[in-house]
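Subject: Structure for you to look at

Dear colleague,

I am handing over the structure we spoke about, and below it you will find what came out of going through it. Please keep it open while you read, since the notes move from one strand to the next.

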Amino acid sequence: MRRWLAMLAAAVTGAVLVALLVPMALLIRTVAENGALSRATSAAESVVVAVGTPDLPLAVERMPVPATVFLPDGRVLGEPAPVSDAVRLAKTGRSVTAQAQGGREVLVSVRTAEGPVVIRVFVGDAELAGGVREAWLALGLLALALVVLGIVLADRLALRVTRPVGELARLSHRLAGGDLSARAEPGGPPEVESVGRALNHLAGRIGDLLEAERESVADLSHRLRTPLMGLGADAESLRDPEEAARIGARADALERAVSAVIEETRRRADRDAAEAVTPARRPSCDATSVVRGRVLFWSVLAEDQERAFTIELPDGPAEVAVSEGDLAACVDALLGNVFAHTAEGLAFAVRLAATATGAVLTVSDDGPGFPAEFGERGSSGGGSTGLGLDIARRTAQASGGGMRVAGSAVELVLGRGTGAG
């Protein structure tokens with residue numbers, strides 16, 4: 001912006017100076033020529049009073065400029081000069097100014113009893129342009145100084161705009177990085193200052209909304225504990241000890257998951273604030289271990305529903321840039337979709353393959369596959385909210401990978417670095 005404003009100031013100033021200085025330069029040249037011709041005419045007229053008297057030769061010698069006098073008898077006094085067409089015209093009794101080689105000649109005709117006397121004064125080109133070059137040089141330096149001054153002033157004005165705009169850009173990057181405590185110092189033109197105040201208000205509003213969201217999640221999780229406690233009590237009242245133990249274990253696992261949500265929600269505010277000051281260390285985990293543990297957890301329900309399943313894991317650890325909790329939630333979301341949206345007895349498969357850049361997790365089943373209207377969050381079709389697949393997608397993208405759905409298979413590319421997939 002500063003560069004463009006400086007160029008605009010230079011262009012406008014230059015155009016104005018051209019419109020003013022070019023006519024002024026032509027006027028200076030015209031004034032200089034008229035002055036030189038006027039002085040030559042005055043010098044010639046000073047000899048007129050001596051025409052017809054014996055003092056004419058002396059008057060010619062005393063002239064301040066070289067002059068020539070053509071007498072009626074053909075004699076020539078003063079500087080020798082050729083008899084040009086202008087001289088012959090002046091001998092008819094007309095005073096003229098004509099162009100000559102190397103300058104101009106001023107001819108004054110005086111009638112006498114013997115005939116016309118012509119007084120010629122020659123003005124060279126150097127005298128006609130006397131002082132013009134110096135005046136033009138002064139005008140050029142003045143124009144250059146004015147252009148430079150205009151550029152400097154435009155740059156100072158542009159700096160008043162670009163500096164606060166740059167501050168607003170840095171503030172937006174800090175907000176995007178999670179530093180919701182960042183605020184702008186309003187300054188600059190009124191419009192830019194208004195944008196800074198609006199951005200500060202937006203940052204405060206975002207912080208308030210995030211805090212309200214965390215409190216809502218925590219409150220909802222707390223509310224879930226009451227029915228979970230009732231579910232645990234109902235499990236203990238079952239007559240079949242094995243069935244009671246199984247349902248009680250499920251209720252305990254669900255309660256632990258709810259407690260983990262509460263703790264994660266409470267910790268997130270402190271973690272976000274700390275990361276705004278010092279970037280957090282990149283999360284990572286062993287995908288092999290996490291996937292094995294989650295499949296083992298879901299295997300109990302698979303046996304109850306008589307589902308055959310296969311699992312393929314690398315021989316060694318497969319490090320990915322995802323925290324252990326996030327990857328576990330991702331696997332749970334994918335396997336939960338299998339159990340929730342396919343008929344009992346249908347088989348499924350989990351395959352984890354280590355790659356040079358991370359790992360590829362594929363979860364497939366023998367069901368009909370995803371519907372044709374499968375879309376984004378909240379619109380997956382088939383009576384599903386789509387939130388489970390959205391969790392999986394965001395987990396993959398956070399690691400620098402992505403998600404692909406083909407038929408009844410979901411493929412997640414998990415990278416070792418963070419970024420958008």
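A good place to begin is Thr-68, which stands opposite Arg-120 in S5. Please bear in mind throughout that this is a predicted model. The pair belongs to a longer match, in which strand S1 (residues 67-70) and strand S5 (residues 116-124) run antiparallel to each other and are joined over four bridges. Arg-120 turns up again on the S4 side, where Leu-107 stands opposite this arginine in S5.

These strands are part of an open sheet of five, arranged in the order S2-S1-S5-S4-S3 with antiparallel pairing. Strand S2 (76-78) and strand S3 (96-100) stand at the edges of this sheet, and each has a single partner strand, so one side of each is left without a neighbour in the sheet. From one strand to the next, the twist averages 25°. As general background, strands of a sheet pair through backbone hydrogen bonds, and the pairing may be either parallel or antiparallel.

Moving to S4, nine bridges join this strand to S5 in the antiparallel sense, and the two form a hairpin with four residues between them, where Gly-115 in the turn has a positive phi of about 140°. On its S3 side, S4 is joined by five bridges, again antiparallel, and here too there is a hairpin, with two residues between S3 and S4 and with Gly-102 in the turn at a positive phi of about 85°. Strand S4 (residues 103-111) is mostly covered, with seven of its nine residues buried.

Which residues of S3 point to one face and are buried, and which point to the other and are not? Val-96, Ala-98 and Ala-100 are the buried set on one face, whereas Thr-97 and Gln-99 point to the other face and are not buried. This follows the general rule that in a regular strand the side chains alternate between the two faces of the sheet. Two of these residues can be followed across to S4: Ala-98 stands opposite Glu-105, and Gln-99 has Arg-104 as its bridge partner.

Away from this sheet, two places may repay a look. Glu-306 lies in the loop between helix H8 (287-304) and strand S7 (309-312), and its phi is positive, about 55°, although the residue is not a glycine. Is Glu-306 buried or exposed? At 68% relative accessibility, Glu-306 counts as exposed, because the cut-off for that class is over 50%.

The other place is a nonpolar patch on the surface, formed by Met-1, Leu-5, Leu-8, Val-12, Val-16 and Leu-20, which together have about 550 Å² of accessible area. Of these residues, Leu-8 is found in helix H1 (residues 2-48).

For the chain as a whole, there are ten helices and twelve strands, and buried residues make up 34% of the 421 residues. The accessible surface comes to about 24800 Å², with 59% of it belonging to carbon and sulfur atoms. Among contacts between residues at least 6 apart in sequence, 58% join residues at least 24 apart.

With best wishes

Technical notes
Residues numbered from 1 in each chain as written. Predicted model: local features only at pLDDT ≥ 70, side-chain atom pairs only at ≥ 80, totals over all residues. Heavy atoms only, no water. Buried < 20%, exposed > 50% of the residue type's maximum accessible area, 1.4 Å probe, protein only. Contact = heavy atoms within 4.5 Å. Areas by Shrake-Rupley, 256 points an atom, 1.4 Å probe, with all protein chains shown as cover. Patch = residues over 30% accessible without salt bridge, like charges linked within 9 Å, V, L, I, M, F, W, Y side chains within 5 Å. Salt bridge = Lys/Arg side-chain N within 4 Å of Asp/Glu carboxyl O. Pairing = 2+ DSSP bridges. Axes fitted to C-alpha atoms, helices over the stretch in contact; angles between N-to-C directions.
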